[in-house]
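Got your viewer open? Load the model and get ready to click your way through it, one selection at a time.

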Amino acid sequence: MLARFDAKRLRAARKQKRLSQMRLAELCESSDRYIRDLERGTKENPSATLVCLMSRVLDIPMDELVKIVNEEGQTV
């Protein structure tokens with residue numbers, strides 16, 4: 001099994017909190033470019049620290065930002 005970052009969930013949670021990518025980046029001590037790349041899926045492997053910070057800022061559990069998938073790519 002593999003853990004995959006869920007870009008769509010990040011975007012949805014950020015929009016629900018009415019945060020811009022730039023503001024989320026500031027609150028997570030990251031760059032707005034990196035947040036944008038995560039949401040687009042061009043970056044797929046954020047650090048556990050960043051996932052933790054994003055989950056705190058967005059007030060969601062960390063596991064909502066990560067999908068567990070099997071070797072065939074199916075969500076478990």
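Here is a tour from the core out to the surface and the loops.

A quick note before you start: this is a predicted model, where local features need pLDDT of at least 70, side-chain atom pairs count only at pLDDT 80 or more, and totals for chains, interfaces and linings use all residues. Residues are numbered from 1 along each chain as its sequence is written, and side-chain values use heavy atoms, with hydrogens and water left out.

**Stop 1: the core.** Select F5, L10, L24, L38, M54, L58 and L65. Of the 15 residues in the largest nonpolar core, these touch the most other members. Such a core is a set of buried Ala, Val, Leu, Ile, Met, Phe, Trp, Tyr and Cys residues joined through side-chain atoms within 4.5 Å. "Buried" here means under 20% relative accessible area, "exposed" means over 50%, and "partly exposed" is in between (1.4 Å probe, protein chains only). Now colour the helices: α1 (7-16), α2 (21-27), α3 (32-40) and α4 (48-58) each give this core at least two residues, and the largest share, four residues, is from α4. Helices (H or I, at least four residues) and strands (E, at least two) are DSSP runs, numbered from the N terminus.

Stay on L58 for a moment. Leaving out residues up to four places away in sequence, L58 touches L10, A13, R14, K17, L19 and L24; contact means heavy atoms within 4.5 Å.

**Stop 2: helix α1.** Pick A7, L10, A13 and R14, which are buried in α1. Look down the axis of α1: these buried residues fall within an arc of 130°, so they line one face of the helix. (The arc is that of the directions from the helix axis to the C-beta atoms.) They pack against β1, α2, α3 and α4. Spin round to the face turned away from that buried side and you'll meet the exposed residues K8 and Q16.

**Stop 3: Q21 and helix α3.** Is Q21 buried or exposed? Q21 sits in helix α2 and is buried, at 18% relative accessible area. Beyond its neighbours within four places in sequence, Q21 is in contact with R11, R14, D32, I35, R36 and E39. Try a distance label from Q21 to E39: they are 18 residues apart along the chain, and their C-alpha atoms are separated by 9.3 Å. E39 is also one of the buried residues of α3, along with I35, D37 and L38. The cover over the buried residues of α3 includes β1 (2-5), α1, α2 and α4.

**Stop 4: strand β2.** Select V69, in strand β2 (residues 66-69). V69 is buried, at 3% relative accessibility. Setting aside residues up to four places away in sequence, V69 touches M1, L2, R4, Q74, T75 and V76. Next, click I68, also found in strand β2 but partly exposed, with a relative accessible area of 36%.

**Stop 5: two loops and a turn of phi.** Most residues other than glycine have a negative phi. Go to R18, in the loop between α1 and α2: its phi is positive, near 60°, and R18 is not a glycine. R18 is exposed, at 78% relative accessibility. Then try E29, in the loop between α2 and α3. E29 has a positive phi of about 55° although it is not a glycine, and it is exposed, with a relative accessible area of 76%. Finish on G41, just after α3, where phi is positive at about 90°.
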